[in-house]
Amino acid sequence: MINPSAPGWIDKFFSEQKFSEAIPFETVDSFYYKVRETGFIYGHIIAIDTQIPIPIKGWFKTEISKTALLNTLYHVFCLEKRNSEPKNFISEVLKFYKQMNPEGFNLFKILLPKDTPSLSLENIIDQRVQTNDSIISKNFSHLVTNALLFIDVLAFRQYLEHGQIPDKYLKRIEETVLGIVGLALKTKTVKSQHDDLLIKLFEASIRYSKFSKVTVETLETLNLDYFKNKLEQYYLIDMAGMALWSDGVVENEESYFLYALGSTMEVSDDFVTQSMDTTNTFITTHRKKIPYFNFSNPVKHFYDQMTHSVIKLIVRNKNRLVREIMQSKELVVLLAYSTTRDLDAKEKKKVKKQLLDICKTIPSLTIFLLPGGSLLLPILIKFIPTMLPSAFNENLDENE
């Protein structure tokens with residue numbers, strides 16, 4: 001099974017999937033519908049559409065997003081080029097990203113000479129799934145990934161068709177998405193707390209525009225004629241539908257806006273109806289797990305997400321962590337004491353120092369050494385004794 005946090009995961013992905021042997025080439029519609037079903041369009045991915053299923057339970061959101069982005073880029077390559085050779089795909093997508101070179105995306109640091117093509121792509125994809133949010137969100141929460149990742153897919157399709165990314169394409173499509181979302185929210189008669197959160201999610205995801213500068217009064221001012229491909233048109237309609245759904249109801253005036261948007265781009269009413277139904281089904285089914293619908297208590301939600309992420313990291317590195325801890329008798333005793341009483345200030349300082357020293361030796365746990373990482377140590381300290389309670393208790397007994 002692939003580990004998207006370990007080097008070499010892209011080569012392993014293609015080796016396991018055996019894509020090069022033969023894959024069924026899709027139509028534009030079937031490709032888009034499958035991508036939408038996975039949640040990739042909505043920024044909340046529940047599955048990865050591969051021939052050989054990939055179990056993503058227990059993965060971080062960034063790991064799911066990285067694999068889904070790779071898979072979706074590959075499928076649009078197959079769709080456009082009728083070619084399923086992974087080496088050809090990796091070569092093309094690297095040239096595409098080299099041309100893209102977006103703001104905050106240091107290509108020269110990412111594309112190191114010693115890297116193989118697939119390792120270079122791994123570094124790029126790792127950057128792409130991140131938002132422009134704070135280091136805490138990026139490194140600890142694994143909560144908010146780039147909600148506009150499908151724009152990469154659309155831009156890659158344009159690159160494959162023209163041999164280059166059309167001038168200002170990325171800025172144009174970002175501003176169009178933001179403009180449509182803004183217009184959609186204006187049509188709503190009842191405002192929802194989720195509207196602001198959705199806007200913040202998009203604000204954190206854009207790289208070529210400034211949300212505050214995108215002011216659109218009518219559909220006519222959006223210049224939608226620029227977007228001729230069905231994938232672009234479908235995506236814009238779905239983005240508008242997602243914005244309108246945020247209060248759980250799409251009223252007559254709101255649905256009229258969606259049909260007007262579809263008509264402007266010459267997309268059938270049937271697709272718009274299907275878009276509304278699909279969006280409603282997806283969000284209703286997965287609402288409890290979609291981040292921007294679960295911020296009634298932001299502090300509690302943030303802490304819950306932190307705890308969940310830290311525990312995942314600990315479990316993944318359990319054996320090595322326990323080995324390192326057991327080498328320090330004093331630390332074992334103090335951690336055992338922490339399960340029955342509060343440690344005093346001096347004891348807490350010792351535990352913190354020794355745990356940070358241990359984290360330095362385990363690459364996956366070096367996040368605790370980053371700014372703000374010490375805030376998560378209490379979660380680490382609280383969880384550790386549950387891994388091997390008998391060992392801790394025996395050491396405690398020996399020292400009483």
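A disulfide is a pair of cysteine sulfur atoms within 2.5 Å. Keep that cut-off in hand for the first exercise. The model used throughout is predicted.

**Exercise 1. How many disulfides does the structure hold? Are C78 and C359 buried or exposed?**

Step 1. Apply the cut-off to the cysteine sulfur atoms. The structure holds 0 disulfides.

Step 2. Recall that buried means under 20% relative accessible area. C78 has 2% relative accessibility, so C78 is buried. C359 has 0%, so C359 is buried too.

**Exercise 2. Which loop holds E251, and how far is E251 from T187 in space?**

Step 1. Find the loop between α11 (230-245) and α12 (252-264); E251 lies there.

Step 2. Check the exposure of E251. Its relative accessible area is 29%. Partly exposed covers the range between under 20% and over 50%. E251 is therefore partly exposed.

Step 3. Turn to T187. E251 and T187 are 64 residues apart in sequence. In space, their C-alpha atoms are 9.5 Å apart.

**Exercise 3. What span should α12 have, and which of its residues are buried?**

Step 1. Count 1.5 Å a residue. The expected span for the 13 residues of α12 is 18 Å. The end C-alpha atoms are 18 Å apart, so the two values agree.

Step 2. List the buried residues of α12: E254, S255, F257, L258, L261 and G262. They cover an arc of only 150° around the axis, so they sit on the same side of α12.

Step 3. Explain the pattern. An α-helix has 3.6 residues a turn, so residues three or four places apart point the same way.

Step 4. Look at the other side of α12. N252 and Y256 are exposed there.

Step 5. Name the packing partners. The buried residues of α12 pack against α9 (169-187), α11 and α13 (269-286).

Step 6. Move just past the end of α12. E266 takes a positive phi of about 60° there.

**Exercise 4. Which residues of α17 are buried, and what covers them?**

Step 1. Check the length. Helix α17 runs over residues 345-360, which is 16 residues. From first C-alpha to last, α17 reaches 23 Å, close to the expected 22 Å.

Step 2. Examine the start of α17. A side-chain oxygen of D344 comes within 3.1 Å of the backbone nitrogen of K346.

Step 3. List the buried residues of α17: E347, V351, Q354, L355, L356, I358 and C359.

Step 4. Identify the cover. It includes α15 (318-326), α16 (329-337) and α18 (377-383).

Terms used: Residues numbered from 1 in each chain as written. Predicted model: local features only at pLDDT ≥ 70, side-chain atom pairs only at ≥ 80, totals over all residues. Heavy atoms only, no water. Helix = DSSP H or I, 4+ residues; strand = E, 2+ residues; numbered from the N terminus. Buried < 20%, exposed > 50% of the residue type's maximum accessible area, 1.4 Å probe, protein only. Expected span 1.5 Å × (residues − 1). Arc of directions from axis to C-beta. Contact = heavy atoms within 4.5 Å. Polar contact = N/O pair within 3.5 Å; in protein donor to acceptor, adjacent residues only side chain to side chain.
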